[in-house]
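Colleague: I'm new to reading helices. Could you walk me through a case?
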Amino acid sequence: MSVTGRVHSVESCGTVDGPGIRFIIFLQGCLMRCQYCHNRDTWDTEAGKEMSVEELMAELLQYRHYMEASGGGITVSGGEAMLQPEFIKAIFEACHLEGIHTCLDTNGFVRRIDDTVKSVLDHTDLVLLDIKQMDNDKHIDLTHVSNKYTLEFAHYLAERHQAVYLRYVVLPGYTDAIDDIHALGKFIKPMKNIEKIELLPYHELGKHKWTAMGEIYPLDGVSPPTRESMDKIKEILLQYHDCVIY
């Protein structure tokens, strides 16, 4: 029987979610409620379109030349991709049979690291791991959930020596405190599997989705971080890791 999952949308030629040109699958559903979420319409786990692995592979393989020529591949994102681990496992297994590089974009909210999760990671060439905030109380305020599972997942990836690009959204007043940046640096310093840190400046590009759904955007009026703030945060993290970009 074909494995199916709930898909929000696909992007055929993405360039910011992993190396090279990538075919990106945005899965439906997320348990975090990030105030700056730019994919608000992906939260509902019952929405989206049910698709099979075969359907996705047929579409993906049309762009194989572009992916291979650029050193790219497939990225599964969300929502939160790891809410559908069996689906990801089947997709990544099919991609590896075709020699296609696989990338998992996740917030790490994995409540139980079972055999299915391990199998997903066995077929994952690169993990894009979002850490939202190191301080648990601030994390709850920002996302409505604890950072416990994300940090445990980060430790597990380090134990596996799984290649990781760490992503951190710089949100003025929420994630840019100097103490929080040092806490992040100290947390990842022993982890030899983190290949680089990507600092992502907060933006309002997803605000229209909140409005379209009849909701109030919670960060209305919050401006993106200044270049000076981004430079300072990069300078701090470079004390702990030698590859920090934004």
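Modeller: Sure, let's start with a pair: H3 and H4 run roughly parallel to each other, a label for angles under 35 degrees. Their axes, those of residues 85–97 and residues 115–122, come within 9 Å and cross at roughly 30°. Axes here are lines fitted to C-alpha atoms over the stretch in contact, with angles from 0 to 180 degrees between N-to-C directions. Helices are DSSP runs (H or I, at least four residues), and strands are E runs of at least two, numbered from the N terminus.

Colleague: Which residues of H3 and H4 make the contact?

Modeller: Contact means heavy atoms within 4.5 Å. H3 brings Pro 85, Glu 86, Ile 88, Lys 89, Phe 92 and Glu 93, while H4 offers Thr 116, Ser 119 and Val 120.

Modeller: A caution: this is a predicted model, where local features need pLDDT of at least 70, side-chain atom pairs count only at pLDDT 80 or more, and totals for chains, interfaces and linings use all residues. Residues are numbered from 1 along each chain as its sequence is written, and side-chain values use heavy atoms, leaving out hydrogens and water.

Colleague: Which residues of H7 are buried?

Modeller: Buried means under 20% relative accessible area, exposed over 50%, partly exposed in between (1.4 Å probe, protein chains only). In H7 (residues 178–188), the buried ones are Asp 180, Ile 181, Leu 184, Gly 185, Phe 187 and Ile 188. They line one face, because their directions from the helix axis to the C-beta atoms fall within an arc of 160°.

Colleague: And what does the face turned away carry?

Modeller: Exposed Asp 179 and Lys 186.

How values were computed: Angles under 35 degrees count as roughly parallel, over 145 as roughly antiparallel, 65 to 115 as roughly perpendicular and the rest as oblique.
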